[in-house]
Amino acid sequence: MDLQLAKLYKNVVGTDTSQEQLDHAPKLPNVRYQCTPPNIPMSELESSVAPPGTVDLVTIAAALHWFDLPTFYQQVKQVLKKPHGVIAAWTYTVPKANDNIPLVNEKFDAVFRQFCADSQPYWDPAIKLVEDKFKGIDFPFEPVGYGANHTGPFEFTTERVMDLEVFLLFIRSWSFYQTAKEKGVELLRDDVVESFKRAWSEDGGDRKVVKFPIYLRIGKVGNLE
């Protein structure tokens, strides 16, 4: 959940299919958390999350590609206020050479891209939607206006200051790393970590500005049923 965005609203409901994830979520006075199984009945969604036509904004961060989209969109259209309720879904990608956005620095980026290439056998097919920057994902909503005549993807860049240990912890949270781990494969072997360390320290300093391209799909529900 975007904590800065959450501060703009009086009432926020954070949902996840995992109660364990929700137990680790930050506690804020205007935020209520609700576990929502993928097959939650519409009646239960309305009683536990929001009644029909009462929600201003639905957001999804780096997760839309995992959803059963027809079911999810039906739920979204049910709870959003018509016609101006908004859905916004964004994801981040690993910068590619032709993006002209350095992840960290030239040497580190080369090591990281090789790591991603070597890990491809463990990538879920859904990741292709992310690699495609959500261009090919079904998104049956209307442009929000304000000069935009489409629903995206709109591109931004986010920056985070990290040390290498935090960056490696970030990698370990990714689905393909977890998949490999379940199959008995350690992608971050000692020699791989050593390559990361040498590249990270190439231009000095323990903490680096790490950049990720962000791609946003945004639309309003309109009068869709």
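Which residues lie nearest the centre of the second largest pocket? Select Phe-115, Asp-118, Leu-187, Arg-189 and Val-192, which lie nearest its centre among the 13 residues of the lining. A pocket here is an open set of points on a 1 Å grid over the protein atoms alone, where a 1.4 Å probe fits and protein lies on both sides within 12 Å along at least five of seven lines, and lining residues have an atom within 4 Å of a point. The elements that give two or more residues to this lining are α5 (106–118) and α9 (190–200), helices being DSSP runs of H or I with at least four residues and strands runs of E with at least two, numbered from the N terminus.

The model is predicted, local features need pLDDT of at least 70 and side-chain atom pairs count only at pLDDT 80 or more, whereas totals for chains, interfaces and linings use all residues. Residues are numbered from 1 along each chain as its sequence is written, and side-chain values use heavy atoms, with hydrogens and water left out.

Next, select Phe-108, Phe-112, Phe-115, Phe-167, Ile-171, Leu-188 and Phe-196, the residues with the most contacts inside the largest nonpolar core, which has 29 residues. Such a core is a set of buried Ala, Val, Leu, Ile, Met, Phe, Trp, Tyr and Cys residues joined through side-chain atoms within 4.5 Å, where buried means under 20% relative accessible area, exposed over 50%, and partly exposed in between (1.4 Å probe, protein chains only). Centring the view on Phe-112 brings up its contacts (heavy atoms within 4.5 Å); leaving aside neighbours within four places in sequence, these are Val-94, Leu-103, Phe-167, Ile-171, Trp-174 and Phe-196.

Now move to the loop between α6 (127–131) and β5 (154–163), which holds Lys-135. Lys-133 is also in the loop between α6 and β5, as is Phe-134. Phi of Lys-133 is near 60°, and that of Phe-134 is about 65°, both positive in residues other than glycine. Most residues other than glycine have a negative phi, and most peptide bonds are trans. Phe-134 is buried, with a relative accessible area of 0%, whereas Lys-133 is partly exposed at 22% and Lys-135 is exposed at 53%.

From Lys-135, select Pro-153 and Arg-217, which Lys-135 touches when residues up to four places away in sequence are not counted. Pro-153 lies in the loop between α6 and β5, and the peptide bond leading to Pro-153 from Gly-152 is cis, with omega near 15°. As a last stop, the bond from Lys-82 to Pro-83 is cis as well, with omega near 5°.
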